[in-house]
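Welcome! Here is a short briefing to help you find your way around a structure that may be new to you. Have a look at it first, and then read on.

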Amino acid sequence: MGTRREPTARQLRLAVELRRLRDAAGLSAREAAAMLGVNSVQISQIESATTGVSEERLRRLAAHYACTHDAFIDALTGMATDRTRGWWEQYRGHLPTSFLDLSELEHHAAYRWDVDFLHVPGLLQTEDYARALFSYVNPEFPDSEVELRVEHRMRRRDIIERPHPIPYEAVIHEGALRIRVGDRAAARAQLVRVLELSEAGHVTVRVIPFDLDGFAGAGSAMVYAGGPVPKLDTVVRDGPHGTAFIDAEAQLSRFRTLFRRLEAASLEPERSRDFIHRLAKEL
């Protein structure tokens, strides 16, 4: 297999999981290479995602590492052999890599959870809302750059709008629903859009109101993408230094627990729809 110059987040995740399996087995790269009859450089290249790994070689490595989690191995094999060139590839070289990595992650996700306190989650946004958001955050961008980002964001919605969508849950704070990213008409249209989507059987929207006692979770915004097995889940968080893809098992467990706490603190779906409807009427 050829050498990659810029591995995707999905390719890096596969490499990380293979390295974790080797570490758990207590083997060095040299020892793992000897079991395959290759040199340690090849193991290092696989574990840095600078080169791929075949299904046959991956399964041999898993056997040498004494991994008996069949569903996990099958999922890793799927990642190793996947040759999908999704719609997001047309944006490569035009948008930040993190945009493409998120699109690929969503495409392969089994389900998706969002928690947001400042903005309506991206998958629920209207074009006008997204346009106002990108224009404000990047005032120096020409219209063409803004429109490219809006177009990409609208295409990401496919995972919840296609004929066979994935299950989607969003927990949104009242503040995110009240902030007028655009004008009054755009704000009303955005709330109506959230209401429309919340009626779909695979979409659940919950609201955390301002008047909730004992709530200290306003720093808990997240995107949680479910993998084919829980070990391959991913949390995505935006920070001051860019987008972080979190995959450590202990962290994933913490974010699962956190999401359930936020979910429990929010209004039930029907009450959340009533709440959003009242906000829309105020506009």
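**Salt bridges and the overall picture**

The structure holds 31 salt bridges. Please keep in mind that this is a predicted model. The protein has 283 residues, and its secondary structure comes to 13 helices and six strands.

**Salt bridges to look up**

- Arg156 and Glu106 form one salt bridge, with 2.7 Å between their closest N and O atoms.
- This pair ties together distant parts of the chain: Arg156 belongs to helix 8 (residues 143-156) and Glu106 to helix 6 (residues 97-108), 50 residues apart.
- Are these two partners buried or exposed? Arg156 is buried, because its relative accessible area of 7% falls under the 20% limit. Glu106 is buried as well, at 2% relative accessibility.
- Asp114 and Arg112 form another salt bridge, and here the closest N and O atoms are 2.7 Å apart.
- Asp114 has a relative accessible area of 3% and so counts as buried. Arg112 is buried too, with a value of 2%.
- Lys231 forms a salt bridge with Glu249, the closest N and O atoms being 3.5 Å apart.
- Distant parts of the chain meet here: Lys231 sits in the loop between strand 4 (222-226) and strand 5 (234-239), while Glu249 is in helix 12 (residues 249-265), 18 residues apart.
- Lys231 is partly exposed, with a relative accessible area of 26%.
- Salt bridges can also join up: Arg13, Glu17, Arg20 and Asp247 are linked in a network of them.

**A pair of strands**

- Which way do strand 2 and strand 3 pair? Strand 2 (residues 168-173) and strand 3 run in the parallel sense, over six bridges.
- For a spot to find on screen, try Glu169, which stands opposite Thr204 in strand 3.
- Strand 3 (residues 203-208) is mostly covered, with five of its six residues buried.

**The protein as a whole**

- The C-alpha trace spans about 70 × 45 × 35 Å along its principal axes.
- Of all the residues, 47% count as buried.
- The accessible surface comes to about 14,300 Å², and carbon and sulfur atoms account for 51% of that surface.
- Among contacts between residues at least 6 apart in sequence, 73% join residues at least 24 apart.
- There are 38 positive and 41 negative side chains, and the centres of the two sets lie 2 Å apart.

Notes:
Residues are numbered from 1 along each chain as its sequence is written. This is a predicted model: local features need pLDDT of at least 70, side-chain atom pairs count only at pLDDT 80 or more; totals for chains, interfaces and linings use all residues. Side-chain values use heavy atoms; hydrogens and water are left out. Buried means under 20% relative accessible area, exposed over 50%, partly exposed in between (1.4 Å probe, protein chains only). Helices (H or I, at least four residues) and strands (E, at least two) are DSSP runs, numbered from the N terminus. Two strands pair if DSSP finds at least two bridges between them. A salt bridge is a side-chain nitrogen of Lys or Arg within 4 Å of a carboxyl oxygen of Asp or Glu. Contact means heavy atoms within 4.5 Å. Accessible areas come from the Shrake-Rupley method with a 1.4 Å probe; for residues, only the protein chains shown count as cover. Lys and Arg count as positive and Asp and Glu as negative; His and the chain ends are not counted. The place of a charge is taken as NZ of Lys, CZ of Arg, CG of Asp or CD of Glu.
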